[in-house]
Amino acid sequence: MNDQENTQRASTGVPGLDDVLHGGLIEHRLYLIDGNPGAGKTTLALQFLREGVRRGERCVYITLSETREELVAGAASHGIDLDGVEIEELVGRGGELDGDDEVTMYHPSEVELTETTRQVLRAVQRVNPSRMVFDSLSELRLLAQSSLRYRRQILALKQFFAARRCTVLLLDDRTSEGPDLQLQSIAHGVIALDQRTPPYGQAQRQLRVVKFRGSDFRSGHHDMAIRRGGLQVFARLAAADHGSVFNRDTVPSGVEALDALLGGGIDRGTTTLLIGPPGSGKSTVSLQYAQAASTRGAHAAVFTFDESRAILLSRCAGLGMPLVEGRGAGQVHVRQIDPAEIAPGEFAALVREAVEAFEARVIVIDSLNGYLNAMPDGRFLTAQLHELLSYLNNHGVATFLVAAQSGLLGPNMHAPVDASYLADTVIVMRMFEHEGRVKKAISVLKKRSGSHEETIRQIWFDGAGVHLGAPLARLRGVLAGVPVEDGLRTGGPADVVA
């Protein structure tokens, strides 16, 4: 085969997996699909063969572990049609393989292994497939009984299939003691499927490419899910691989005083972190930017982890900034996210879809606390969040990230994770006590892309929207929650709204 033939790809038929493999499997090679029972190996294999049928290729599924009826029923449960796939069932043929009555000088397992191998070869010669699945190697390993015989059988199968220009998937359920490194060394590529069950929520599934001879691939763990239609892989996001050319325009909020506080507004391609205690108005300010963007004819997307979609829409309408829902220009798409039912990779895929398919120019993630709960391991939150925010910045999106601090008043409030260094702009919001009432304040701590006011302003909300007062120049300790009047000044705090 020439170099061009060596680089021809066979699409796996699994959404996202071809992206991980940089185009799919290299044709006419042997691959190992490795995973515990229930990890999704059979489903992946069925999608691989279904894709082959769609492309007009001959496909065969050789099963030693499931009956034809079980295989067809499992495929139907995922909505996978096996018409066009030749199923060769080698289950329950004990009568043919009973060597005790026919041969006495060989161990029965040797006869069974030889006969099983012959049946496999006969099926391949009869169908002459371009794609084949062998399910599973655990039965072949049991028949071989020794690692030497088992390795010889796999090598013989590899040479046989290479001569027939067939792309082969070998499924292994990890029933052997420890990883089968011998098998991994023989295969041209190894794809491992892993899953773990957290104390609460759905099982978390991941895929990783252990090796892939002759091609680069996206390394690391990739989240995946098994849904109606089969496996879906969410390739790990690498921000450096994505981006677009854009003008670094200013994104206004539609509230003059808020834009003035931010030195004219938020720049495209930047991330803004709104941090403060619950009820201080963080979500409302971020939604104001989404609503203003839709009013200008742009598309905005809101991903809410903590607040229900119905309450969010009702609250916006009550504040005089109704959201026109939809996924087009001049509309806002509100997506409620259940942190117990979504993996980080799937969430990143939803965000990518909003940006690339529907051209969202403003993204709101509310909140960082909910996003943290969606992480299988909080230690990697900042790394995953950094890639996601960098991706959005590279596409010229104005991103608003909401983070709730524990506590309501006082200086001892803490955020679940320090994401301030990831943000280009940090807006802090506080509640403070004054004249027997609890009021709200807003200030900008940093803005990398330009100047901003250093003042602290009161902020309040009513049926007409968002309002900011004059700088609280006569009060000291507003951000601590219990301000006092500056003794060097005279007069009452006239700059505070009553």
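**Exercise 1. The sheet that contains strand 14**

Task: State in which order the strands of the open sheet with mixed pairing that includes strand 14 are arranged, and what stands at its edges.

Solution.
Step 1. In this predicted model, 9 strands form an open sheet in the order 16-15-17-18-14-19-20-21-22, with mixed pairing. Strands are DSSP runs of E with at least two residues, helices are runs of H or I with at least four residues, and both are numbered from the N terminus. Two strands pair if DSSP finds at least two bridges between them.
Step 2. Strand 16 (332-336) and strand 22 are the edge strands; each has a single partner strand, so one side of each is left without a neighbour in the sheet.
Step 3. From one strand to the next, the twist averages 20°. Such angles run from 0 to 180 degrees between N-to-C directions, with axes fitted as lines to C-alpha atoms, for helices over the stretch in contact.

Two notes on the model: residues are numbered from 1 along each chain as its sequence is written. The model is predicted, so local features need pLDDT of at least 70 and side-chain atom pairs count only at pLDDT 80 or more, while totals for chains, interfaces and linings use all residues; side-chain values use heavy atoms, with hydrogens and water left out.

**Exercise 2. Pairing inside this sheet**

Task: Give the sense of pairing and the number of bridges for strands 14 and 18, strands 20 and 21, and strands 21 and 22.

Solution.
Step 1. Strand 14 (residues 271-276) pairs with strand 18 (residues 398-404) in the parallel sense, over 6 bridges. The bridge partner of I275 in strand 18 is A403.
Step 2. Strand 20 (residues 437-447) and strand 21 (residues 456-462) are antiparallel and share 3 bridges. Here I442 has R457 of strand 21 as its bridge partner.
Step 3. Strand 21 and strand 22 (residues 465-471) run antiparallel and are joined by 5 bridges. D462 is opposite G465 of strand 22, and a hairpin of 2 residues links strand 21 to strand 22.

**Exercise 3. Helices on the sheet**

Task: Find which strands are touched by helix 12 and which are crossed by helix 14, and check the span of helix 12.

Solution.
Step 1. Helix 12 packs on the sheet and touches strand 15 (299-304), strand 16 and strand 17 (360-366). The direction of helix 12 makes about 165° with that of strand 15. Contact means heavy atoms within 4.5 Å.
Step 2. Helix 14 (residues 381-394) lies across strand 14, strand 17 and strand 18, at about 150° to strand 18.
Step 3. The expected span of a helix is 1.5 Å times one less than its number of residues. For the 13 residues of helix 12 (residues 344-356) this gives 18 Å, and the end C-alpha atoms are 18 Å apart, which agrees.
Step 4. The buried residues of helix 12 include F347, L350, V351, A354 and V355. Buried means under 20% relative accessible area, exposed over 50%, and partly exposed in between (1.4 Å probe, protein chains only).

**Exercise 4. Two cores**

Task: Say how many residues the largest nonpolar core has, and what L207 touches.

Solution.
Step 1. A nonpolar core is a set of buried Ala, Val, Leu, Ile, Met, Phe, Trp, Tyr and Cys residues joined through side-chain atoms within 4.5 Å. The largest has 36 residues, and L17, L44 and L207 are among those with the most contacts inside it.
Step 2. Helix 3 (residues 41-54) supplies the largest share of this core, 6 residues.
Step 3. Not counting residues up to four places away in sequence, L207 touches residues including L17, L44, L193 and V233.
Step 4. Another core, of 35 residues, lies apart from it; V355, I365, L385 and L389 are among its members.

**Exercise 5. Two residues compared**

Task: Decide whether L287 is buried or exposed, and do the same for G263.

Solution.
Step 1. L287 lies in helix 10 (residues 282-295). L287 has 1% relative accessibility and therefore counts as buried.
Step 2. Leaving aside neighbours within four places in sequence, L287 is in contact with V302, L312, R315, C316 and M321. The C-alpha atoms of L287 and F400 are separated by 9.0 Å, although the two residues are 113 residues apart along the chain.
Step 3. G263 is in the loop between helix 9 (256-261) and strand 13 (266-267). At 44% relative accessibility, G263 counts as partly exposed.
Step 4. G263 touches K447, S451 and H452, residues up to four places away in sequence not being counted.
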